[in-house]
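User: I'm new to this one and want to get a feel for it. Can you walk me through it while I poke around?

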Amino acid sequence: MMVTLDVQALFTAIPNDQGIELLRQYLLQHSTYEHSMTELLCFMVETVLENNIFVFEQTLYRQRAGMAMGTPCANSYTNIVMAAWEEYNILRYLGSNLSFYRRFVDDLYLLWEGDTSSCNNFLEFINSSTDYLRFTAHSSTSNIDFLDVRIDRLPTWAFEKSIYRKECYKNTYVERSSMHPKHIFGNVVRGQALRVSRLTVNNVKFEQELEKLEQSFRQRGYLQAEVKTALSATRNMREDSGRPYFSLQHLQG
């Protein structure tokens, strides 16, 4: 069974005192910093946490709990808090019913080999593991969406990936009329096409995604010639640097 979990409002959910203590413990266990450096880093992060000032309707407020999104250290801080949490609540269960686990900041993906009842029990355990982390969970034996990837389980029990777009997706690629150097526009198309190639294993779906990509860029005013040139270059990279992640060719390469 495939399961995805998303932490609800992670950045603002972590209590400052508990977050700093988890940061301290993690650095002491996993870094080569001397104790004095660890304490200095914790003090600096605590200073950031206690001085998150924002304006709402011309009134100044100070955020009393959690990390302000956009703060330079926000991702590192929340990532370490999650790493400390998963070390005790997730990783020690690997090898039993939990056969596979990966996390990207506050998004979790796992494979559960037990039945639905045992999976639900495990999810209840996770949601009760702290008084501040709450998870939204989705599970399926056939297909599931994780970040920008749709993962399908084939009848052969193999997995196939393709592009996933949320319902709120909008075509917001930089417009061709923007005052960027001209070479940037071709690079944007190539970068997005390369992403499609690496995330789409099936060749038919790959071509369908390139067609969608071409339409999206044409809607933003891109020249047909530069779009087709970039897409053609990506097709030529399909068996090399543009190989799909975790495809048979990739694993053999």
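User: Which residues is Asp-6 in contact with, leaving aside neighbours within four places in sequence?
Analyst: Asp-6 touches Asp-106, Asp-107, Arg-134, Phe-135 and Thr-136. Contact here means heavy atoms within 4.5 Å. This is a predicted model, where local features need pLDDT of at least 70 and side-chain atom pairs count only at pLDDT 80 or more, while totals for chains, interfaces and linings use all residues. Residues are numbered from 1 along each chain as its sequence is written, and side-chain values use heavy atoms, with hydrogens and water left out.

User: Where is Asp-6 found?
Analyst: In strand S1, residues 2–7. Helices (H or I, at least four residues) and strands (E, at least two) are DSSP runs numbered from the N terminus.

User: Is Asp-6 buried or exposed?
Analyst: Partly exposed, with a relative accessible area of 30%. Buried means under 20%, exposed over 50%, and partly exposed in between, using a 1.4 Å probe and protein chains only.

User: How many residues apart in sequence are Asp-6 and Leu-133, and what about in space?
Analyst: They're 127 residues apart in sequence, and C-alpha to C-alpha they're 9.9 Å apart in space.

User: OK, zoom out. How many helices and strands does the protein chain have?
Analyst: Nine helices and nine strands. The C-alpha trace spans about 55 × 50 × 40 Å along its principal axes. Of the chain's 253 residues, 38% count as buried. Among contacts with a separation of 6 or more, 62% are between residues 24 or more positions apart.

User: Let's look at H6. Which residues in H6 are buried?
Analyst: Phe-185, Gly-186, Val-189, Ala-193, Leu-194, Val-196, Ser-197 and Leu-199. The cover over the buried residues of H6 includes strand S8 (149–153), strand S9 (159–163), helix H7 (203–219) and helix H8 (224–236).

User: What is Ser-197 in contact with, again leaving aside neighbours within four places in sequence?
Analyst: Phe-206, Thr-234, Arg-238, Gly-242, Arg-243 and Pro-244. Ser-197 is in helix H6, residues 182–199, and has 0% relative accessibility, so it counts as buried.

User: What span should the 18 residues of H6 have?
Analyst: They should span 26 Å at 1.5 Å a residue, and the end C-alpha atoms are 27 Å apart, which agrees. The expected span is 1.5 Å times one less than the number of residues in the helix.

User: Switching to charges: how many salt bridges does a search of the whole structure find?
Analyst: 13. A salt bridge is a side-chain nitrogen of Lys or Arg within 4 Å of a carboxyl oxygen of Asp or Glu. One of them joins Lys-205 and Glu-160, at 3.2 Å from N to O.

User: What does the pair of Lys-205 and Glu-160 tie together?
Analyst: Lys-205 is in helix H7 and Glu-160 in strand S9, so the pair links parts 45 residues apart in sequence. Lys-205 is partly exposed at 28% relative accessibility, whereas Glu-160 is buried at 13%.

User: And what do the side chains of Glu-226 and Arg-176 meet in?
Analyst: A salt bridge too, at 2.7 Å from N to O. Glu-226 belongs to helix H8 and Arg-176 to the loop between S9 and H6, so that pair ties together parts 50 residues apart in sequence. Glu-226 is buried, with a relative accessible area of 17%, and Arg-176 is buried at 18%.

User: Which residue does Glu-209 form a salt bridge with?
Analyst: Lys-212, with the closest N and O atoms 3.8 Å apart. Those two are separated by about one helical turn, because they sit three residues apart in helix H7. There's also a network of salt bridges linking Glu-21, Arg-24 and Glu-39.

User: How many disulfides does a search of the whole structure find?
Analyst: Zero. A disulfide is a pair of cysteine sulfur atoms within 2.5 Å.

User: Why is there no bond for Cys-42?
Analyst: Because the closest cysteine sulfur, in Cys-73, is 12 Å from the sulfur of Cys-42, too far for a bond. Cys-42 is buried at 1% relative accessibility, whereas Cys-73 is partly exposed at 24%.
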